[in-house]
Amino acid sequence: MDSTLRNAHIKSRLPGPSINTVVENSEEPQPSLSDLHDFEPKLEFDDTELLAPATLPKDVIVDDFVLAEDEYIESADIVNTLEDEDDFEDQLREEQAESIVSVRTKCDFLGTDKQGRHIFAIYASRFPEKSQMEKFISDVIKEIEPFVENDYILVYFHQGLQEHSKPSAQLLWNSYKELDRNFRKNLKNLYVVHPTLFIRFIWKFFSPFISEKFRQKLVYISSLDELRQALGLSKIKVPDSICDFDEQLNVRNKASSGPFGYGGYGSGSSSSSGSSTSNATKQMAITVQFGAPLKFIVSNSPCLNSIPPIVRKCVDLLSMTGMIDTEGIFRRSGNHTEIIALKERVNRGEDVDLSKVNVHVIAGLLKSFLRDLSEPLLTFELYDDITSFLDWPKEERSRNVTQLIREKLPEENYELFKYLVEFLVRVMECEDLNKMTSSNLAIVFGPNFLWSNRNTSLEDIRPINAFIDFVLQNHKGIYLIDVNQRIVPIG
């Protein structure tokens, strides 16, 4: 391979625009594909460059892209650039040029899906000038690199691309080639939101050189409603420009489909979330354990020491030799269809037998229980305190963490959190076999123990993970006093 390409120190990769396709034969249910998003005006690649023939690099690229000096592969033009669509605020570009610390100008953390996989968002509207694109990609890589040891999801929002920010297809291609194996292997889905007809054309142009395995990770999403359904999230926090554009598409969709079109966009359907949650709880079957408030579960299920039956069943099985020492436990995703089926059976009150269920499915079931709680186990009230963890002086962290957990968590939350921490410590003790250190466990469980009722950013996820890591490493001091003897302030 040409050394100049190799040394293009782009440890960079997936900005996403040129990587798009429809998933076929995927294990997970995929949203429908709508043609409506092709309404988006002047976007994507500069087709004048597509018409100028150029040859692909004559080398072999491993894994998902294969370019070879093969007589059966025609030479094709690859020097294309993305064209733009809407205006976006100049001040964002100025901010993102400052430092890698200003994470929000590069990519966002959208939370975790129902299987506990981290979801990252990249916005075309935040792309910098072409001359800064290589650094931008490199910065994005650095931001999400700590999380890609586990399964993860990437969402690329195509709306808002500008003329001066069009990355060349050659840059994207080279960036992909330089990606670490974990980035490609552990990427479970790449959702392309609001793609256009031309982007699909470009994808077909590249498809002969991309493996079928990688193709199956790529999904077109035509609306934020579809994205929420695909991710299993009730709300998604995205820039207003994307919400506005999505609303326009929904209005046009309703107009064209009549009274049966569906709507909704942006951060989603919770204008009256307080009353609707209360009413839903009243109508909920007493057997429900997934998707209910913890207090409701404890009040209506046979819980010993406030531990929901399905949590105890999962922990008991995962604690067994041969399960707890499984390499990548909690990092690998279980079969989504099987997890959904088990959750439905549990919520109907069936006594499910997990003894012959795959370890990753049981682990996924446990993570899904935490993520389905109507409020995070560590509560919305403690969100601001915990996300300030890294700002606390080191000598005060032990006292502050102990105080938060012992005095500010509701009784049932305290007991379940203590129970799960003790289990995770046992998992951690098998790290020689399962490779799950306290840091790895914190990355997996941090977003499942705590999230915001507003929005959780990448800036927030670091202190949350650091907090959980600290608890795992210092659990003996924190839980020195038995749970039932702790003093809980009244009022």
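Reader: Which residues does Phe 330 touch, not counting residues up to four places away in sequence?
Author: Keep in mind that this is a predicted model. Phe 330 is one of two residues, with Phe 417, that touch the most other members of the largest nonpolar core. Leaving out residues up to four places away in sequence, its contacts are Leu 318, Ala 363, Leu 366, Lys 367, Phe 423, Leu 424, Val 427, Met 436, Leu 441, Val 444 and Phe 445.

Reader: Which helix gives the largest share of this core?
Author: The core in question is the largest nonpolar one, with 111 residues. Its largest share is 11 residues, and they come from residues 411-428, that is, helix α18.

Reader: Where on helix α13 do the buried residues fall?
Author: In α13, which spans residues 309-318, the buried ones are Ile 310, Val 311, Cys 314, Val 315, Leu 317 and Leu 318. Look down the helix axis and they sit within an arc of 165 degrees, so they line one face of the helix.

Reader: What do the buried residues of α13 pack against?
Author: We've just met these residues, Ile 310 and Leu 318 among them. Their packing partners are α14 (336-347), α15 (359-372) and α18.

Reader: How do the residues of the contact of α13 with α15 divide into nonpolar, polar and charged?
Author: The two helices pack at an angle of about 145 degrees, their axes 10 Å apart, and α13 passes α15 in a left-handed crossing. On the α15 side, the contact includes Val 359, Ile 362 and Phe 369. Sorted by type, the contact residues come out as no charged, no polar and 12 nonpolar.

Methods:
Residues numbered from 1 in each chain as written. Predicted model: local features only at pLDDT ≥ 70, side-chain atom pairs only at ≥ 80, totals over all residues. Heavy atoms only, no water. Core = buried A, V, L, I, M, F, W, Y, C linked by side-chain atoms within 4.5 Å. Buried < 20%, exposed > 50% of the residue type's maximum accessible area, 1.4 Å probe, protein only. Helix = DSSP H or I, 4+ residues; strand = E, 2+ residues; numbered from the N terminus. Contact = heavy atoms within 4.5 Å. Arc of directions from axis to C-beta. Axes fitted to C-alpha atoms, helices over the stretch in contact; angles between N-to-C directions. Left-handed = near helix turned anticlockwise from the far one by under 90°. Nonpolar A, V, L, I, M, F, W, Y, C, P; charged D, E, K, R; others polar.
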